Amino acid sequence: MTTSPATEIDFEIHPSQTRVPAAERERILADPGFGQVFTDHMITLRWSAERGWHDGKLEPYGPFALDPATSVFHYGQELFEGLKAYRQASGSIVMFRPQANAARFNSSARRMAMPELPEETFLRALELLVTQDREWIPDGEGNSLYLRPFMIATQRGLGVNHPSSEYLFCVIGSPAASYFGAGKTVRVWLSEDYTRAAPGGTGAVKCGGNYAAAFAAQQQAVDQGCDQVVWLDAAEHQWVEEMGGMNLFFVYGTDAGGRILTPALTGSLLPGITRDSLLRLAPTLGIHAAEGRISVSQWRADCAAGELTEVFACGTAAVITPVGGVDGATGGWTIGSGAPGPISLRLKDELIGIQYGHRPDPFGWVHKVA
Ligand SMILES: *Cc1c(COP(=O)(O)O)cnc(C)c1O
């Protein structure tokens, strides 16, 4: 196996001849929704055992032609990332911590027996797409261009005893409004019938298979009148892990002297970049932050005692989503007043402020593209 040095991986530029007309694009950007509309271009890059990474292109967005026997259709060898490009009030275009996505993409690749991509190539691919399609980044705080890098196994054949010998890396972009409605809370369902991830499994990997296995539980949450599912640990079904595709934080106390706790990364949780950012940001605001563990019974008791005042979920797509209430097989309870709490809102304001450039960026998280 040969992997060409990073500096040799380049992208040919093939601009689209059929771009969406400006007036139509502006109409879309006025109300982009989430993940329904895509920009004019995409990035593709191939890997084979003989050639390593090769054939990089920026090309018109469009469908792939793949043989029905392509490995990914059968064995799900796939992984992805999610991050955003923002248009700041100054006109600058930035991404938030893209190096962290590059690093996580490669740790996912190792677990899925897929080839790693040099971090500078991952970044270059994102920058090329964002620069080419910069007119697709909507204005306004909360709006962004959602970037979806992903990799699929493209070897043809049904042999199952080895990983694919060919892969396709791709990046697409989709203009996005903020994901959940502002000022709202979600109600969560404690899943006891299903498990998201087990020790030694793929819980810490951003792979599509984790999501495929989660839809039944999410459907059950909706059937129970809830918005999202909360995952518990696989062994004891009592330790809280995540909410849907987001990490969770528990807030103790009130504004002065508040502290936040998030479940530690045991290997079955996804190491969220928003989670990591909040763990580092909170102390700069006088909010103590820790990783630890919390059981369902503790969650309920601490809410009843008035000590646990807020709970929120966090992730790139929705930033911070306050949780208002909990339901499970043995009943439910309300968190605080059931409305978004002050510490959740403060952390959200601070993080969004860094992303949109009107708060200082003490950690150097903002990566300028143009
Ligand atoms: C992507 C993801 C998150 C959040 O990660 P961010 O880097 O903060 O966007 C959390 N949990 C799961 C299962 C995820 O797939």
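Threonines, a ligand and two packed helices

In this predicted model, an oxygen atom of the ligand lies 2.6 Å from an N or O atom in the side chain of threonine 274.

Visitor: Which residues come nearest to the ligand?
Guide: Threonine 274, whose side chain has an N or O atom 2.6 Å from a ligand oxygen, belongs to a set of 14 residues around the ligand. Of these 14, the ones that come nearest are Lys206, Tyr211, Glu242, Thr274 and Thr316.

Visitor: How do α7 and α9 lie, roughly parallel or roughly perpendicular to each other?
Guide: Helix α7, residues 273–284, packs with helix α9, residues 342–355, at an angle of about 105°, and their axes are 11 Å apart. Angles of 65 to 115 degrees count as roughly perpendicular, and therefore α7 and α9 are roughly perpendicular to each other.

Visitor: Which residues of α7 make the contact with α9?
Guide: On the side of α9, the contact is made by Leu347, Glu350, Leu351 and Ile354. The residues of this contact divide into six nonpolar, two polar and one charged. On the side of α7, those that take part are Thr274, Ser277, Leu278, Leu281 and Ala282.

Visitor: Does threonine 316 count as buried or partly exposed, and what is its relative accessibility?
Guide: Threonine 316 is found in the loop between β15 (308–315) and β16 (319–328), and, leaving aside its neighbours within four places in sequence, threonine 316 is in contact with Gly82, Leu83, Lys84, Tyr146 and Thr274. Buried would require under 20% relative accessible area, so threonine 316 counts as partly exposed, with a relative accessibility of 25%.

Methods:
Residues numbered from 1 in each chain as written. Predicted model: local features only at pLDDT ≥ 70, side-chain atom pairs only at ≥ 80, totals over all residues. Heavy atoms only, no water. Axes fitted to C-alpha atoms, helices over the stretch in contact; angles between N-to-C directions. Helix = DSSP H or I, 4+ residues; strand = E, 2+ residues; numbered from the N terminus. Parallel < 35°, antiparallel > 145°, perpendicular 65-115°, else oblique. Contact = heavy atoms within 4.5 Å. Nonpolar A, V, L, I, M, F, W, Y, C, P; charged D, E, K, R; others polar. Buried < 20%, exposed > 50% of the residue type's maximum accessible area, 1.4 Å probe, protein only. Near = heavy atom within 4 Å. Polar contact = N/O pair within 3.5 Å; in protein donor to acceptor, adjacent residues only side chain to side chain.
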